[in-house]
Amino acid sequence: MIHDMNAGDPVKEIGKILKKIRFERNLTLDNVSTLTGVSKTMLGQIERGVSVPTISVLWKIAKGLQISLSTLFNEPTQQYTPANILEDMQPVYDENNQMLLYNIFPFNPFSGFEYFYIILEPGAIHHSDPHRNSVEEYIIVTEGTLTLQIGDQLFTMEAPSKINFHSNVTHCYANHTDQRVVFQNIMKY
């Protein structure tokens, strides 16, 4: 059995969707270029899956073709399915079962972020190695008191509180209390 190595590749999928829409509307690359303000060369590269379009290019295409941005991602136009995080989702546990991590919105290369819901039980400590220079973390503490160390700086964050930082340094999340800590972590790439 032969597997398509590009199946599920968002860049290839966007190209296929763009080409399908163009053919359905009997448009040439020149026509689409005129409608969207995106060069014919760039549109051809996107259709072939050899160029990764920026979000601004995708917006131009969507606006010019009068389609939703989610159409280019082949997402249903209506995604209204609420989920109870604690009941409907499976967490990942640390080695001591003291940290529960729920990957609420997994990484998508077009959104550029992922979103975690994290519970630290009393006594939990999680050390994180530095990430790439371009990664920024947004922390929102919604329950309890989080102790956050970023490099040499130490922060005590009592709910409700927030902080953001470039995570290119060692950082540590800890719960030094006898109550659980709940916080959200948005990783922007």
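A salt bridge, the kind of contact that this tour follows, is a side-chain nitrogen of Lys or Arg within 4 Å of a carboxyl oxygen of Asp or Glu. The model on your screen is a predicted one, and a search of the whole structure finds 5 salt bridges, among them the three visited below.

Before selecting anything, colour the chain by pLDDT, which has a mean of 87, with 89% of the residues reaching 70 or more. Then select residues 1–7, where pLDDT stays under 50 and for which the model has 3 contacts beyond four places in sequence.

**First stop: helix α1**

Select Lys20 and Glu24, which form a salt bridge whose closest N and O atoms are 3.0 Å apart. The two residues are 4 places apart in helix α1, which spans residues 10–24, and so about one helical turn separates Lys20 from Glu24. An α-helix has 3.6 residues a turn, so residues three or four places apart point the same way. Are Lys20 and Glu24 buried or exposed? Both Lys20 and Glu24 are exposed.

**Second stop: from α1 to α3**

Keep α1 in view and select Arg22 together with Glu47, a pair that forms a salt bridge with its closest N and O atoms 2.6 Å apart. This pair links distant parts of the chain, since Arg22 belongs to helix α1 and Glu47 to helix α3 (residues 40–48), 25 residues apart. Both Arg22 and Glu47 are buried.

Now select the whole of α3, in which Leu43, Gly44, Ile46 and Glu47 are buried. If you turn the view to look down the axis of α3, its buried residues fall within an arc of 160°, and therefore they line one face of the helix. On the face of α3 turned away from that buried side, you will find the exposed residues Thr41 and Arg48. Step on to Gly49, which follows α3 and has a positive phi, near 75°.

**Third stop: a loop and a strand**

Finally, select Arg180 and Glu143, whose side chains meet in a salt bridge with a distance of 3.0 Å from N to O. Arg180 lies in the loop between β9 (171–174) and β10 (181–188), while Glu143 lies in strand β5 (residues 136–143), so the pair ties together parts that are 37 residues apart in sequence. Why does Arg180 count as partly exposed? Its relative accessible area is 29%, and the partly exposed class lies between under 20%, which is buried, and over 50%, which is exposed. Glu143, at 33% relative accessibility, also counts as partly exposed.

Technical notes:
Residues are numbered from 1 along each chain as its sequence is written. This is a predicted model: local features need pLDDT of at least 70, side-chain atom pairs count only at pLDDT 80 or more; totals for chains, interfaces and linings use all residues. Side-chain values use heavy atoms; hydrogens and water are left out. Buried means under 20% relative accessible area, exposed over 50%, partly exposed in between (1.4 Å probe, protein chains only). pLDDT is the predictor's confidence in each residue, from 0 to 100. Contact means heavy atoms within 4.5 Å. The arc is that of the directions from the helix axis to the C-beta atoms.
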